[in-house]
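Biologist: Before I use words such as core and cavity, I would like to see what they rest on. Could you show me the model?

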Amino acid sequence: MAENILNGTWLTGWDPEDEDAWHRSGRRTARRNLALSVLCEHISFSVWTLWSVLVLFMTPETGLAFAPGEKFLLVATPTVVGALLRLPYSHAVTRFGGRNWTVFAMLLLLVPTLLALYFVRQPGTPLWVFLLVGALGGVGGGNFASSMTNITAFFPQRHQGWALGLNAGGGNLGVAAVQLLGLAVIHTAGRDHPDYVAAVYLPLIVLVAALAARLMDNVDAVRTTPGAQREAVRSPDTWWISLLYVGTFGSFIGFGFAFGLVLQNEFDASPVQAMGYTFLGPLLGSFSRPVGGRLADRLGGARVTLWTFLGMGTGTVVLVIASRTGSFGLFVAGFTALFLLSGLGNGSAYKMIPAVFARRAQGEVTSGRDATEAFARARRLSGAAIAIAGAVGALGGAAINLAFKASYADGSGSGTPAFLTFLGYYTVCGLIIRFVYLRPSPAQTTTTPGDVRETSRA
């Protein structure tokens, strides 16, 4: 039984929509679990994106001379595995409990971290070994889905945009943190000690796992009935939002893995130069994610996400111009803007999920269905849809790196073909939002029972 794992106990009868219970003790419990979840997510993202830093240390001088295409393949590998793990991870937290699964998943991070620490100091190690170690690092990406599914159960729907944005934003900061750590190592110990980057995370993983075991809770409400993911798969909204999340989170994590390599190939930047710029974009994108969630709480997730894609399209045009003119400053500025905007879009797109299913529940209640049952079902489907969207979105990060691999394969040193591909996708995402979620309804301010689009006041 799940209750016996780590001797975990469960909070039963948990209902964050109960106003009295929420103000009496629910808010305090939710915030404690959110704080621990953010910390765990932060370490998980750092381990997941560890190779975005380690790959910059791989040079002929260190005995690890890999071609640009091989390096892009290496950083794409943990992205793919992390994406594929998100569905089973989201199901695991509903089966074993948020605290129980978090502790196990954190301790599992020790395996890829230890292997990275060892092999990155072994000259002549073949590429397939690094691909295997990078794939194991994908477990850090899987932690995102279990964490987001768990946190959804702690907060009432009106606060979920902020809570999910803060949880994911704190995790996304791990991308910037590991790159800053790499910069610190290369400045203090030189480019011959990439193992120091991995070594820093070993005690942190153990410490955070211990804190989670001591302070987090299992919530009975996060458990899903059999078939919740299958039901979410049958909902068109799950797939529309997943496609949008490919454009937002796929861009954020894909650029996070690739930015340093792109600077090396586009402008022949040294490892020190590349690391000096790669942390800024992920840092701003991480901080902007909860802002995107908060804006979505107030203005509607669809509207904020549409603005985000318009901005990302403009930023991509800037990259094309910078690439063709050889302007390093403009290129970094354009990439930084894309990170910032993708962070906003991450928060607003995720907010759309509980909002869409809550609106569907409102329609069911209007049709005579029991309100408690309808909204409980909406919460379960939201958790399942969050997992699916997270998995599909993370695959977008792999697509980003594969697009760069193809773009730089001809030796031209230009990523313009990849940038034009991204621009086309952002345009498609904008059209999806405009015609699926922002199409005016006949009454403009009312919602029919089966309508799950956001109105002007959503």
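Modeller: What follows takes the core and then the cavities of this predicted model.

Biologist: What makes the 122 residues a nonpolar core?

Modeller: A nonpolar core is a set of buried residues of listed kinds, Phe among them, joined through side-chain atoms within 4.5 Å. The largest such set has 122 residues, and Phe255, Phe335, Phe404 and Phe422 touch the most other members. Helix α15 (residues 328-366) gives the most to this core, 14 residues.

Biologist: Which residues is Phe404 in contact with, leaving aside neighbours within four places in sequence?

Modeller: Phe404 is in contact with Phe72, Phe255, Ala258, Val262, Phe335, Ala418, Phe419 and Phe422. Contact means heavy atoms within 4.5 Å, so each of these residues has an atom within that distance of Phe404.

Biologist: Why is the space of about 110 Å³ called a cavity?

Modeller: A 1.4 Å probe fits there but cannot get out, and therefore the space counts as a cavity. There are four cavities of 30 Å³ or more, and the largest holds about 110 Å³. Its lining has 14 residues, with Cys40, Thr102, Asn143, Ser146 and Ser147 nearest the centre. Two or more lining residues come from each of α1 (19-48), α4 (98-108) and α7 (139-152).

Biologist: How do the residues lining the second largest cavity divide into nonpolar, polar and charged?

Modeller: Four are nonpolar, five polar and none charged. Gly counts as polar, and Gly256 and Gly260 are among the lining residues, so both belong with the polar ones. This cavity has a volume of about 40 Å³.

Technical notes: Residues are numbered from 1 along each chain as its sequence is written. This is a predicted model: local features need pLDDT of at least 70, side-chain atom pairs count only at pLDDT 80 or more; totals for chains, interfaces and linings use all residues. Side-chain values use heavy atoms; hydrogens and water are left out. Buried means under 20% relative accessible area, exposed over 50%, partly exposed in between (1.4 Å probe, protein chains only). Helices (H or I, at least four residues) and strands (E, at least two) are DSSP runs, numbered from the N terminus. On a 1 Å grid over the protein atoms alone, a cavity is a set of points where a 1.4 Å probe fits but cannot get out, and a pocket is an open set with protein on both sides within 12 Å along at least five of seven lines; lining residues have an atom within 4 Å of a point. Grid points are joined across faces, edges and corners, and a volume is the space filled by probe spheres set on the points.
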